[in-house]
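Hi,

Here's the structure I said I'd pass along. Have a look at it first, and my notes on what turned up are underneath.

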Amino acid sequence: MQGAGLGRGGSSPYFFLSYAHTPNHDSGGADPNIWVRKLYDGLCEHIMELTDLPRGAKVGFLDQGMAVGTKWTDELSVNLARCKVFVPLYSPRYFISEQCGREWWAFSQRQVNQRARGGAQRENAIIPALWVPVEPAQMPQVARDLQFNHATFGQDYADEGFYGLTKLRYLQDEYERAVYRLAKQIVRVAKETDLDEGQISKDYESQPAAFGSKEHPPEFDISVLACTRSELPPGRRPDYYGDRPHDWNPYHPEATLPLGDHAADLVRTMDYKVNVEVLDDSTRMLQGMTAQAPGLMLLDRWALQSKRGKELMGRLCGEKRPWISVMAPRHKDDIVSAEKEQELDELTYRTLISRMADRAGHYSANGSLRDLNAFGTELQRAVSSAVYYYWEHRKTYPPEGPPSEPPRLRGPDLG
């Protein structure tokens, strides 16, 4: 394993270079990944000259020891949680790598959580680099959304990628120019973005991958049922609400973003197209009893005190819809009287009692969702459950045309 680059504080590398290992095409060939190491060394050399880091300090992280099928290490986890910039090295192999998808997902969580907490971030801290040019159609949605102009590092680089520039000797000057420009971009973005440190986990094998999978539905629905400031029940504080149900922010003041928007950001990092809406008669979740898309219902318990809120949730839970996960969060600092808490718990239980049945779908209540980190962790389970039941219940369509008789096997003609 090659090393965690240490910044001036001893723990924050400037960049994390994420790449898909290329296997040897024969047992006696040279390691094809030595050219990635050359790129990494060049970036480190330039960054040392472009910054005031002490001579000899490692400024990046490159994993050279993680072969296909091996597990994450503490060192890799720490560097993903602390690096300033994430540099995915694009190639066709990169976007089919579950390992690379998890690295991208782990870093992107830091950006999503910082946005939810109101942290200033002027631009994306993910800087894509081309190892081999990849057509947009081959990229997952998270990569297409970056819309990075690779020609700013040189047209030859945009056409050939670092691998092509390395192998074509007459483009050696273009290779050096592209490496230098990428290093400058890393330094600039590292200075202008100030990401909070992420969570360090030893269980990344269970985490989502940002590139989805073959069994990945294209869309995901999120609905919100919540009060507004103009329609609050007696005794309810207005701090968590706005003019629309969509403005509901149960994690105020820890978060500044409405919960529906934060949940959508988290689900998008799993490579879904996300639809966010307020629960009402036209919501797709309430249309029919067939699974049109996996979904997540974000429930404000106080909204169940209104006749309309109770009716809508009754309709959603009155029939079995396990492909819709339900989460009813509450911040740990949202204190209500013991009497009111018991009343809300009983009301929620009566409304969602069908969710307590076996195979009824995911349900997580306020007791397990006490802060923003707990919500993000539980959301992963809610999404996984919704997708699992979606595939189990989705409507299938027979092929067009008249039905045909199945083929019949005949024995040999013995004459």
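A quick definition before anything else: a residue counts as buried when its relative accessible area is under 20%, and as exposed when that area is over 50%, with partly exposed in between. By that yardstick, 50% of the 415 residues of the protein chain are buried. Keep in mind that this is a predicted model.

**Overall layout**

The chain's secondary structure comes to 10 helices and nine strands. If you look at contacts in the chain with a separation of 6 or more, 77% of them are between residues 24 or more positions apart.

**The core**

Nonpolar side chains tend to be buried together in soluble globular proteins. In this model, the largest nonpolar core has 114 residues. Which of them touch the most other members? Phe15, Trp104, Phe162, Ile186, Leu298, Met313 and Leu379 do. To see what that looks like for one of them, click on Ile186: leaving out residues up to four places away in sequence, Ile186 touches Tyr14, Phe15, Leu43, Ile47, Val85, Val87 and Ile127. Phe15 therefore turns up both in that list of neighbours and among the core members with the most contacts.

**Rings**

There are 20 aromatic pairs in the structure. Phe153 and Tyr157 make a tilted one, at 5.7 Å centre to centre and with 50° between the planes; both of these residues are buried. Tyr388 and Tyr389 have ring centres 5.1 Å apart and planes at 80°, so that pair is edge-to-face. What about burial for these two neighbours? Tyr389 is buried, as its relative accessible area is 11%, whereas Tyr388 comes out partly exposed because its value is 47%.

Ring pairs also link up into a cluster of Phe16, Phe61, Phe86, Tyr90, Tyr94, Phe95, Trp104, Phe107 and Phe211. Trp104 is worth selecting, since Trp104 is also one of the core residues named above.

**A helix pair**

Helix α3 (residues 98-116) packs against helix α7 (residues 259-268) at an angle of about 170°, and the axes are 10 Å apart. With that angle, α3 is roughly antiparallel to α7, because the cut-off for that label is over 145 degrees. On the α3 side, the contact involves Gln109, Val112, Asn113, Arg115 and Ala116, which meet His262, Asp265 and Leu266 in α7. By type, the residues of this contact are three nonpolar, three polar and two charged.

**Backbone oddities**

Most residues other than glycine have a negative phi, and most peptide bonds are trans. So which spots should you check for exceptions? Here are three:

- The peptide bond joining His252 and Pro253 is cis, with omega about 5°. Pro253 sits in the loop between β5 (219-225) and α7.
- Gln147 has a positive phi, near 50°. Its place is in the loop between α4 (141-144) and α5 (155-167), and Gln147 counts as exposed because its relative accessibility is 71%.
- Asp271 has a positive phi too, near 75°. Asp271 lies in the loop between α7 and β6 (273-278); with a relative accessible area of 15%, Asp271 is buried.

That's what I have for now. Shout if anything is unclear.

Cheers

Terms used
Residues are numbered from 1 along each chain as its sequence is written. This is a predicted model: local features need pLDDT of at least 70, side-chain atom pairs count only at pLDDT 80 or more; totals for chains, interfaces and linings use all residues. Side-chain values use heavy atoms; hydrogens and water are left out. A nonpolar core is a set of buried Ala, Val, Leu, Ile, Met, Phe, Trp, Tyr and Cys residues joined through side-chain atoms within 4.5 Å. Buried means under 20% relative accessible area, exposed over 50%, partly exposed in between (1.4 Å probe, protein chains only). Contact means heavy atoms within 4.5 Å. Axes are lines fitted to C-alpha atoms, for helices over the stretch in contact, and angles run from 0 to 180 degrees between N-to-C directions. Helices (H or I, at least four residues) and strands (E, at least two) are DSSP runs, numbered from the N terminus. Angles under 35 degrees count as roughly parallel, over 145 as roughly antiparallel, 65 to 115 as roughly perpendicular and the rest as oblique. Ala, Val, Leu, Ile, Met, Phe, Trp, Tyr, Cys and Pro count as nonpolar, Asp, Glu, Lys and Arg as charged, and the others, Gly among them, as polar. Rings of Phe, Tyr and Trp (its six-membered ring) pair if their centres lie within 6.5 Å; planes under 30 degrees apart count as stacked, over 60 as edge-to-face and the rest as tilted.
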